[in-house]
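Good morning, and thank you for coming. Please look at the sequence and the structure as they appear, and I will then talk through them.

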Amino acid sequence: MTDNTASPPNVPEDASPEEVEAAMHAHASDALASAQAELAALQAKSADLADQYLRAKADAENARRRAEEEIAKARKFGVESFAESLLPVADSLEAGLSVKEATPEQLREGAEATLRQLTAALERNKVIAIQPEAGTRFDPHLHQAISMVPSEQEANTVVSVLQKGYSIAERTLRPALVVVAAPK
């Protein structure tokens, strides 16, 4: 054959034009069927990926919603444990006030016991007193200098504590009010 048309695969070179045309038609039908099968497979894969995407999106939305609910609950009930630990302190104060003819010693003992309860409740909830010793280096994150006084101590060290400070989980709630040694 001398024409420039490509013959389909598996067609002998001495085939008649009808045989070539039939082979080309068969080849085109095979190619169409193959393309249709590939298209169907890709459409199925696309539908599966779309379904997976929607499920993942729904899962993410559900996780976000659950996280928001947990945060809301934590905000709402976050102080519950702290409040529960303070209830015995309130009970002790009420009991102490209900005693009509308490002696000064009894009042002092009751106040000391109540203070121990309060201190224990604060410590259970990670509220720790900041009460630096004399000579401790002044730390502006933990201490608030009320005044500076001449002292034999090194400059910028705590001379005395006027009021305890408190921290919770290593974060200062209230700095200790301190008197600091002045530079010499």
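I begin with one residue, Lys126, which is exposed, with a relative accessible area of 54%. That value puts Lys126 in the exposed class because the class begins over 50%. Lys126 sits in the loop between α3, residues 104-124, and β1, residues 127-130. Its phi is near 65°, which is a positive value in a residue other than glycine. As background, most residues other than glycine have a negative phi.

Before I go further, I should state that this is a predicted model. The average pLDDT of the protein is 89, and 93% of the residues score at least 70. At the N terminus, over residues 1-5, the pLDDT is below 50. Beyond near neighbours in sequence, that stretch has three contacts in the model. Among the elements, helix α1, residues 17-77, has the lowest mean pLDDT, at 90. Strand β6, residues 176-181, has the highest, at 97.

Let me now describe the overall architecture. How many helices and strands does the protein have? There are three helices and six strands. Read from the N terminus, the order of the elements is α-α-α-β-β-β-β-β-β. The radius of gyration is 42 Å, well over the 16 Å that the globule rule gives for 184 residues, so the protein is more spread out than a compact globule. Along the principal axes, the C-alpha atoms fill a box of roughly 130 × 55 × 20 Å.

Next, the surface and the contacts. Of the 184 residues, 14% count as buried. The protein exposes about 14,300 Å², and carbon and sulfur atoms supply 57% of that area. Consider also the contacts between residues at least 6 apart in sequence: 57% of them join residues at least 24 apart. As for charge, the protein has 19 positive and 29 negative charges, and the mean positions of the two groups are 18 Å apart.

I return to the strands, and to a residue that touches our starting point. Is Ser167, in strand β4, buried or exposed? Ser167 counts as buried, at 12% relative accessibility, and its strand, β4, covers residues 165-168. Leaving aside neighbours within four places in sequence, Ser167 is in contact with Lys126, Val127, Ile128, Ile130, Thr172 and Leu173. Lys126 is therefore an exposed residue that is in contact with the buried Ser167.

A second positive phi occurs in the loop between β4 and β5, the latter being residues 171-174. The residue is Glu170, with a phi near 65°. Glu170 is exposed, and its relative accessible area is 84%.

I turn now to the helices, beginning with the loop between α1 and α2, where Val79 is placed. Val79 counts as exposed, at 56% relative accessibility. Where does Val79 stand with respect to Asn125? The two are 46 residues apart in sequence, and their C-alpha atoms are 9.7 Å apart in space.

Helix α2 itself covers residues 80-98 and contains Leu93. Leu93 is partly exposed, with a relative accessible area of 47%. Its C-alpha atom is separated by 9.9 Å from that of Ala113, 20 residues away along the chain.

Gly96 is also in helix α2. Gly96 is partly exposed, with a relative accessible area of 37%. From C-alpha to C-alpha, Gly96 and Ser81 are 24 Å apart in space, and in sequence they are 15 residues apart.

To close, I return to the two views offered here. In the overall view, the predicted protein is more spread out than a compact globule, and 14% of its residues count as buried. In the local view, Lys126 is exposed and has a positive phi, while the buried Ser167 has Lys126 among its contacts. Thank you for your attention.

Methods
Residues numbered from 1 in each chain as written. Predicted model: local features only at pLDDT ≥ 70, side-chain atom pairs only at ≥ 80, totals over all residues. Heavy atoms only, no water. pLDDT = per-residue confidence, 0-100. Helix = DSSP H or I, 4+ residues; strand = E, 2+ residues; numbered from the N terminus. Contact = heavy atoms within 4.5 Å. Rg over C-alpha atoms; globule rule 2.2 N^0.38 Å. Buried < 20%, exposed > 50% of the residue type's maximum accessible area, 1.4 Å probe, protein only. Areas by Shrake-Rupley, 256 points an atom, 1.4 Å probe, with all protein chains shown as cover. Lys, Arg positive; Asp, Glu negative; His and termini not counted. Charge placed at Lys NZ, Arg CZ, Asp CG, Glu CD.
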